[in-house]
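Visitor: Please show me the model, and then let me ask how the words used to describe it are justified.

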Amino acid sequence: MDLDVFIDRHRASWQRLEQLVKRSGRLDGAEADELIALYQQVTTHLSVVRSQMPDPATVERLSALVARARSVLTGTHTPAWRTFTRFFTHRLPAAIYRGWRWWVPAGLAFYLVTGIIAAWIAANPDVQASIAAPDELREMTRVGGGYESYYSSDPAGSFAAKVWTNNAWIAAACLLLGVLFAIPPIYLLFTNALNVGVGIGLMFGAGRGELFLGLLAPHGLLELTAVFVAAGIGMRLGWQVIDPGKRTRAQALATEGRSVVAVALGLVLVLLVSGVLEGFVTPSGLPTWARVGIGVVAEVLFLLYVFVIGRRAARQGETGDMDASEREDVAPVAV
């Protein structure tokens, strides 16, 4: 299709829609009906240009025109505070809940692999010796050694910020790189399971495993769950490349991608909480039962948020995507 011919054919409709938008407060009944009809036409024109002859200038012009017309038809925007509240009470928990069939199995697989690696290392001194020299192993596992002192190696505030930043990058990588056929999230999960399994195995081999688990649990339960969510949602995004269903691959990726953005924003806050726990609770002088109890409470609250609030929002039709009024318009297609 020739772009110049297309523009010449429909320029009058676009100009007329611009005129009606400018006079939106002074339209009679017939003009209001005309505005609706032209909005639908120009929305279809925009979709055609994007899919068949994506000229940036034309796309930008029509996008701006469609957005202005939509604002006239839909009225004033929802107040920012209401949008913010709805994000945390509907969109975010629903987006995480809808992906539970991906991230729950991912978490179970992680714990299984971690347990196998830890048990193998703890029960085999030869394997332990292959990981590091005897002096290095003793330095890592002794009282006050590397594994134990790691959590108090920096001031609590800076340590929490460092951990938060690192975990946020891992979560973002799982979410965004999942589009590569879901391979990067699987790799990141395995490498993390390997690292955790080695630490647990070495500490149990040294007879100090329970202490090490007491250091991991206060922050690790919530932190790992956030990583599982990121990996699971990232893998689901990657699956859209393989099997987009009845939607086009571009439409599937756009829809799931917007949900991924919502999850990414939410996980930043979840990982902030786990970073605070790791920086201030894990190395604190509280008894082990108290530190672990705080971690368990944080984990339970998150799971209740997802499986109670998120499930309710999902049953109400929330998908984690933006509201229909905020999404781009697409031309209808035959089923």
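Visitor: Why is Arg-236 called buried or exposed, whichever applies?

Guide: Arg-236 has a relative accessible area of 8%, and buried means under 20% relative accessible area, exposed over 50% and partly exposed in between, with a 1.4 Å probe and protein chains only, so Arg-236 is buried. Please keep in mind that this is a predicted model, in which local features need pLDDT of at least 70 and side-chain atom pairs count only at pLDDT 80 or more, while totals for chains, interfaces and linings use all residues. Residues are numbered from 1 along each chain as its sequence is written, and side-chain values use heavy atoms, with hydrogens and water left out.

Visitor: Where does Arg-236 lie, and which residues does Arg-236 touch?

Guide: Arg-236 lies in helix H11, residues 209-242, where helices are DSSP runs of H or I with at least four residues, numbered from the N terminus. Not counting residues up to four places away in sequence, Arg-236 touches Ala-95, Arg-98, Gly-99, Trp-102, Glu-256 and Ser-259, contact meaning heavy atoms within 4.5 Å.

Visitor: How do you know whether Glu-31 counts as buried or exposed?

Guide: Glu-31, which lies in helix H2 (residues 29-52), counts as buried because its relative accessibility is 16%. Apart from residues up to four places away in sequence, Glu-31 touches Arg-16, Leu-20, Arg-23 and Arg-26.

Visitor: What makes Leu-303 count as buried, partly exposed or exposed?

Guide: Leu-303, in helix H13 (residues 288-315), has a relative accessibility of 28% and therefore counts as partly exposed. Leaving aside neighbours within four places in sequence, Leu-303 is in contact with Trp-103 and Val-308; the C-alpha atoms of Leu-303 and Thr-225, which are 78 residues apart along the chain, are separated by 9.2 Å.

Visitor: Why does Phe-181 count as buried or exposed, as the case may be?

Guide: Phe-181 lies in the loop between helix H9 (156-176) and helix H10 (183-205), and because its relative accessibility is 52%, Phe-181 counts as exposed.

Visitor: What does the largest pocket have as its volume, and which helix supplies the largest share of its lining?

Guide: The largest pocket has a volume of about 810 Å³, a volume being the space filled by probe spheres set on grid points joined across faces, edges and corners. A pocket is, on a 1 Å grid over the protein atoms alone, an open set of points where a 1.4 Å probe fits, with protein on both sides within 12 Å along at least five of seven lines, and lining residues have an atom within 4 Å of a point. H11 gives the largest share of the lining, ten residues.

Definitions and conventions
Helix = DSSP H or I, 4+ residues; strand = E, 2+ residues; numbered from the N terminus.
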